[in-house]
Amino acid sequence: MRFLPARDAQNHSSKWSSAFSETNYLTTKSVRSRLIQNPLFKKKPRHAAVSTRFPRKLSLAVSLSMVAAALAVPPAWATTESIYCTTGLFTVTTTTADGITTVEVTGNTSCAGEAVIPNTVTSIGYQAFQGATSLASITIPATVTSIGDFAFYNATALTSVTFEAGSNLETIGNHAFRATTSLASIIIPASVNDIGANSFNGSSISSFDIPSGVVRIRAYAFANTPNLTSVTIPNTVIHLDQAAFQNSGLTSVTIPKSVTVIGVAAFQEASDLVSVSFEEDSELTQFNDQAFFKAHSLVSIDIPNGVARLGNHVFHQAYALQSVTFPSSISYIGAAVFSENTSMTSFSFPDDSPITDIKNHTFIGATALESIVIHSGVTSIGSHFASGATSLASVTFKGNAPSVGTDAFSNVATGALANVGSSATGYGSAGDTWNGLTIALTHSVTFDANGGAER
């Protein structure tokens with residue numbers, strides 16, 4: 001559809017009303033706006049001694065000239081074309097406004113089978129192929145720079161997405177390929193610098209190489225992807241957002257040194273994840289809440305030196321977790337960090353740890369845990385700290401007695417000991433019961449190399 005230019009409308013009075021009725025055309029309201037904004041059109045104060053005839057003529061002349069100038073402004077054009085798929089079709093809309101032309105896929109009608117997008121198209125718009133449940137394959141030309149939100153959402157039969165060589169694609173919108181349950185593989189162009197939230201949530205992809213221009217893996221981008229076993233994260237990424245790989249099928253992952261934050265629930269319920277490694281000189285500073293919540297298969301993890309914070313429930317129900325490297329840079333741990341772990345047998349806080357307050361439920365239900373060493377700087381331990389750690393037989397305290405919350409050591413091994421230094425205060429005497437533990441005094445032993453005697 002081509003709209004009638006304003007200059008032609010002056011000579012075709014019969015078309016005047018239809019030209020101005022189009023919503024994409026220059027409206028009379030916009031003409032009035034331009035005229036009102038012009039200082040020549042604004043009313044001037046009158047002086048009683050001056051004739052008003054000449055100013056009225058001048059005002060009328062100025063008004064007409066302003067109307068002509070406003071109508072001469074290039075209008076916005078919009079044309080729509082139908083492109084056929086194997087069956088059904090999709091629409092391409094070409095819009096020109098302010099001298100800029102965009103060509104966008106704007107929707108589809110029962111597009112099924114194969115779709116080939118013309119190489120004039122610059123973007124795939126919002127919901128362009130949403131619900132095209134019989135669309136099996138699509139070819140995207142190099143001219144496309146963006147894929148909009150929900151563009152292929154719920155295209156459940158889509159198995160093949162081909163980007164032509166030299167692709168200029170930069171952005172993949174939120175939910176763009178969400179619920180593409182037949183899409184097993186996709187090669188994203190290197191030019192992409194932004195992958196939106198939920199972009200591949202619920203897809204069937206099995207591997208994914210994230211382009212090096214991406215700096216943030218957004219929320220739920222790869223959530224609910226049980227077939228995703230391999231992902232390559234480039235060293236440009238600095239943030240893994242909330243639930244980025246929640247409930248994915250990853251078996252191992254390498255976190256590049258550029259990542260500074262692992263977001264809330266980033267790997268939650270990634271139940272096949274066995275190994276997590278961090279590049280040398282990691283810049284990571286924090287694990288947010290539930291980062292590895294229910295990562296049932298995770299066996300060991302070496303937390304990089306420099307991490308300052310572990311949020312709540314970070315390793316809750318990480319049943320297989322046996323070994324944790326816990327650096328002295330950590331100054332805060334949230335509640336229930338290792339709760340319901342069933343494989344770890346011992347844990348020691350570093351002697352120089354800055355942690356003073358240990359939160360509730362840290363080791364609750366850690367049934368394999370036999371011993372814990374708590375450094376001298378701790379002043380408080382939360383309630384249910386190791387409640388239900390039924391194998392816990394020894395807790396060594398290297399400082400004076402901290403304050404202890406309710407049931408911190410309830411339902412631990414019978415006769416479990418609190419090993420305390422002979423000069424430590426606040427525990428009581430040897431053999432006394434302290435918070436459900438039996439006090440056992442320890443003595444420091446030194447060796448005199450000259451005399452060979454114990455002291």
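**Close-up views of a predicted model**

**View 1. An open sheet of six strands.** In this predicted model, six strands make up an open sheet with mixed pairing, arranged in the order β22-β24-β26-β28-β30-β29. The edges are occupied by β22 (346-348) and β29 (433-434); each has a single partner strand, so one side of each is left without a neighbour in the sheet. Strands of a sheet pair through backbone hydrogen bonds, in either the parallel or the antiparallel sense.

**View 2. The pairing of β24 with β26.** Strand β24 comprises residues 371-374 and strand β26 residues 394-397. The two strands run parallel to each other and are joined over four bridges. Within this pair, Ile372 lies opposite Val395 of β26.

**View 3. The largest cavity.** A search of the whole structure yields one cavity of 30 Å³ or more. The volume of the largest cavity is about 40 Å³. Its lining consists of Ile374, His375, Ser376, Val378, Phe397, Lys398, Gly399, Asn400, Pro402 and Tyr427. Among these lining residues are Ile374 and Phe397; residue 374 belongs to the range of strand β24, and residue 397 to that of strand β26.

**View 4. The surroundings of Asn198.** Asn198 is located in the loop that lies between β9 (194-195) and β10 (207-209). With a relative accessible area of 11%, Asn198 falls under the 20% limit and is therefore buried. Its side chain forms a polar contact of 2.7 Å with the side chain of Asn201. When neighbours within four places in sequence are set aside, the residues in contact with Asn198 are His175, Arg178, Ala219, Tyr220 and Ala221.

**View 5. The surroundings of Ser123.** Ser123 is part of strand β4, which covers residues 123-124. The relative accessibility of Ser123 is 10%, and this residue therefore counts as buried, the limit being under 20%. A polar contact of 3.4 Å links the side chain of Ser123 to the side chain of Glu104. Apart from neighbours within four places in sequence, Ser123 is in contact with Val103, Glu104, Val105, Val144 and Ser146. Glu104 thus appears both in the polar contact and in the list of contacts.

**View 6. The chain as the setting of the close-ups.** The chain contains four helices and 30 strands. Of its 455 residues, 43% count as buried. Among contacts with a separation of 6 or more, 32% are made by residues 24 or more positions apart. The exposed area of the chain is about 21,500 Å², of which carbon and sulfur atoms supply 50%.

Terms used
Residues are numbered from 1 along each chain as its sequence is written. This is a predicted model: local features need pLDDT of at least 70, side-chain atom pairs count only at pLDDT 80 or more; totals for chains, interfaces and linings use all residues. Side-chain values use heavy atoms; hydrogens and water are left out. Two strands pair if DSSP finds at least two bridges between them. Buried means under 20% relative accessible area, exposed over 50%, partly exposed in between (1.4 Å probe, protein chains only). A polar contact is a pair of N or O atoms within 3.5 Å; within protein, one must be able to donate a hydrogen and the other to accept it, and residues adjacent in sequence count only if both atoms are side-chain atoms. Contact means heavy atoms within 4.5 Å. Accessible areas come from the Shrake-Rupley method with a 1.4 Å probe; for residues, only the protein chains shown count as cover. On a 1 Å grid over the protein atoms alone, a cavity is a set of points where a 1.4 Å probe fits but cannot get out, and a pocket is an open set with protein on both sides within 12 Å along at least five of seven lines; lining residues have an atom within 4 Å of a point. Grid points are joined across faces, edges and corners, and a volume is the space filled by probe spheres set on the points.
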